[in-house]
Amino acid sequence: MGCKCENNCADQKVQELIEIIDKHKGKKGALIPVLHDAQNLYGYLPLQVQKIISERMNIPLAEIYGVVTFYTQFSLNQKGKYQIRVCLGTACYVKGSGKIYEELKKELKLSGDGTTEDGLFSLESCRCIGACGLAPVIMINDDVYGELVPADVPDIIKKYRDRK
Amino acid sequence: MSKMVTLTIDGIEVKAPEGSTVLEAAKLANIKIPTLCYLKGINEIGACRICVVDVGVKNLQASCVYPVAEGMKVITNSPKVREARRVTLELILSNHDRKCLTCVRSENCELQRLAKDLQVDDIRFEGKKNDYNIDDFSDSVVRDPNKCILCRRCTSVCKNIQTVSAIETNERGFDTIVASPFNISLKDTPCVNCGQCINVCPVGALREKDNIDKVWEAIADPDLHVVVQTAPAVRVAIGEEFGLPIGTRCTGKMVAALKRLGFDKVFDTDTAADLTIMEEGTELIERIKNGGKLPLITSCSPGWIKFIEHNYPDLLDNLSTCKSPQIMFGAILKTYYAEKMGIDPAKIFVVSVMPCTAKKFEVKRPELSATGYPDVDVSITTREAARMIKEAGIDFNSLPDENFDDPMGDASGAGVIFGATGGVMEAALRTVVDILTGKDNDDIEYKAVRGLDGIKVAEVKAGDLTLRAAVAHGLGNARKIMDQIRSGEADYHFVEIMACPGGCVNGGGQPIQPAAVRNEIDICAERAKAIYTEDENIQIRKSHKNERIMKLYEEFLEKPGSHKAHELLHTHYEERENYPEECCGNI
């Protein structure tokens, strides 16, 4: 995010965040929807964002962080423009998704889950995404790719690189 | 009266109030069910599954949360129940850092005790272990997640009782860890160093920052004049470390033990408590007369001070500017006492034995150094003092009673009661009412401010004035009063706040009593009883009647609130940011 405090740079995003908070504030169980929307806004939930949520919602930061780290959907790290999720659930795994994951790591020059240096891609292994019939499956943002073999990987990545 | 239900536990018929738990009902029948995460009034969540019993349904149930029902048949001791408890315990032990021999809680560890009681004689499951860094950056509290069994007592006391929430349960599954957000050190969180988390921890995952070595080193240094002072609550609790019943008064033995450790002088912090009353009482009267900021709020409890600096910075002007008694004492020792004894203040090393972990943080506040040297050099807890006594091979229980040293050993009963909630208020009232009425009033026991109600309110007649007083202990209760003050709902003159529930008698540095004891006995009440008995046994029970204090003003400080008194005995406060960005470092 790069901003140092609530009042200096990235003001506009902070303003949007405050609007998100105020929209949900006061409702029962408001924290999770706020975190969802905040993550959509920033791509992740760093300290500064959680601090603003904490102060404005009057919920201790410790509690918010506990929730954020409990659910795998929430991320503490900056995600790439294209978020690749590789299913390593049972069906995909027996159909060879481990090899797809290895190929993606090689293609993106990552040693595991993480974000590429140029910020274009982030790789994330996950459990079942509900498309077992297409195993092995990956998702890139909202696009689903099924019945993959490792050799498919370079072309798919290239498509997104070319898009920039 | 709630309705009673009848059930049988292990064949014994028990009548228990409707809504009570099987665990509570079993207690009525003198049947002991082992527990681990359960701590009455603080953590009742059925998380650890050690207390499981057979209630006639398919699965075993956690008795600490399972409600009783009419006709229920409970079995607490069967092969199935015993096996389930033991496997649960073995799984907890499988990734526990089993360094019992060198653990500060050895012999006072609830996990160790349970392993013995449940006859776990082997570690069957040797699985993966977590390897976490120990957080020892805080001046007060050390956290070792490798020893944590995730019972959540600490997070519960921090969040629900103290409303601080410096630690929470983070991550999930095998990676679950109790820590501060973003794994920031406690040092950089809103943690107020109260140490209540330490007192409720069943194992050695939380402990005080140990300063014993520094004290031994000073005692061994022939160039240093090493002085120790002991807070009121220490004398009514230290005996527990030597097997004496809760609430045993050990003042004489404690003094004798400290002398044998090699301190040059053993003084009583209660003397400085009397001094605090003179300064704070004067401040209160001045604020009332001159239309100053009211209510005046006490400033003796360093956990409370850090709490207000984080949470109510807009109300810092309401705080008394008085330093806490231990710090006042240090300042007097390094000036008046140094002069009187002809000792260079640089060579005076002041140690304080406190029921408190927050005092360790307090002594490091840079503003608390009236002479240019820290007012107090090292603060140790009641527990550390007991460990030193044990290490020195002193047989505490057979020591004769000895008296505090002159010239700073005399204190009034008012100074003693500082150790219990309501005590500072009562001590202040004893003096303030006398000053305002110009009489020596006999009615000095203000029972309305005693006891363990979370918030106590009293109206006290002092001549034409009706003083409105309020007392809160435990920071959750403090928060309630502060919110009232902030919104203008409250119109008190004087408010006493102590960070720890029950006051200093239950401070974070006091002997740790296991849940098995805390579930049965109110340790705050027992220790407080001893404090008030101590007060009754002292002839002088008002701070302004303490001749030592009068002499100190005559010879040195002139009068309460004088310029010199302000220089030495008063301080200021500052707003503290929660999780300041510049120093947010991960452990």
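User: In this predicted model, is Arg430(B) buried or exposed?

Analyst: The model is predicted, and a residue counts as buried under 20% relative accessible area. Arg430(B) has a relative accessible area of 1%, so Arg430(B) is buried.

User: Which side chain meets that of Arg430(B) in a salt bridge at 2.8 Å, N to O?

Analyst: The partner lies in helix 14 (residues 423-437) of chain B together with Arg430(B), 4 residues apart, about one turn of the helix. At 0% relative accessibility, this partner counts as buried. The side chain that meets Arg430(B) in the salt bridge is that of Glu426(B).

User: How many residues apart are Lys542(B) and Asp434(B)?

Analyst: The side chains of Lys542(B) and Asp434(B) meet in a salt bridge of 2.8 Å, N to O. This pair links distant parts of the chain: Asp434(B) is in helix 14 of chain B, and Lys542(B) is in the loop between helix 17 (523-536) and helix 18 (547-557). Both residues are buried. Their separation along the chain is 108 residues.

User: Where is Arg486(B), the salt-bridge partner of Asp314(B)?

Analyst: The closest N and O atoms of Asp314(B) and Arg486(B) are 2.8 Å apart. Asp314(B) is in the loop between helix 9 (302-311) and helix 10 (325-341) of chain B, 172 residues from Arg486(B). With a relative accessible area of 41%, Arg486(B) is partly exposed. Arg486(B) is in helix 15 (residues 475-487) of chain B.

Note on methods
Residues are numbered from 1 along each chain as its sequence is written. Chains are lettered from A and ligands numbered from 1 in the order in which they are written. This is a predicted model: local features need pLDDT of at least 70, side-chain atom pairs count only at pLDDT 80 or more; totals for chains, interfaces and linings use all residues. Side-chain values use heavy atoms; hydrogens and water are left out. A salt bridge is a side-chain nitrogen of Lys or Arg within 4 Å of a carboxyl oxygen of Asp or Glu. Helices (H or I, at least four residues) and strands (E, at least two) are DSSP runs, numbered from the N terminus. Buried means under 20% relative accessible area, exposed over 50%, partly exposed in between (1.4 Å probe, protein chains only).
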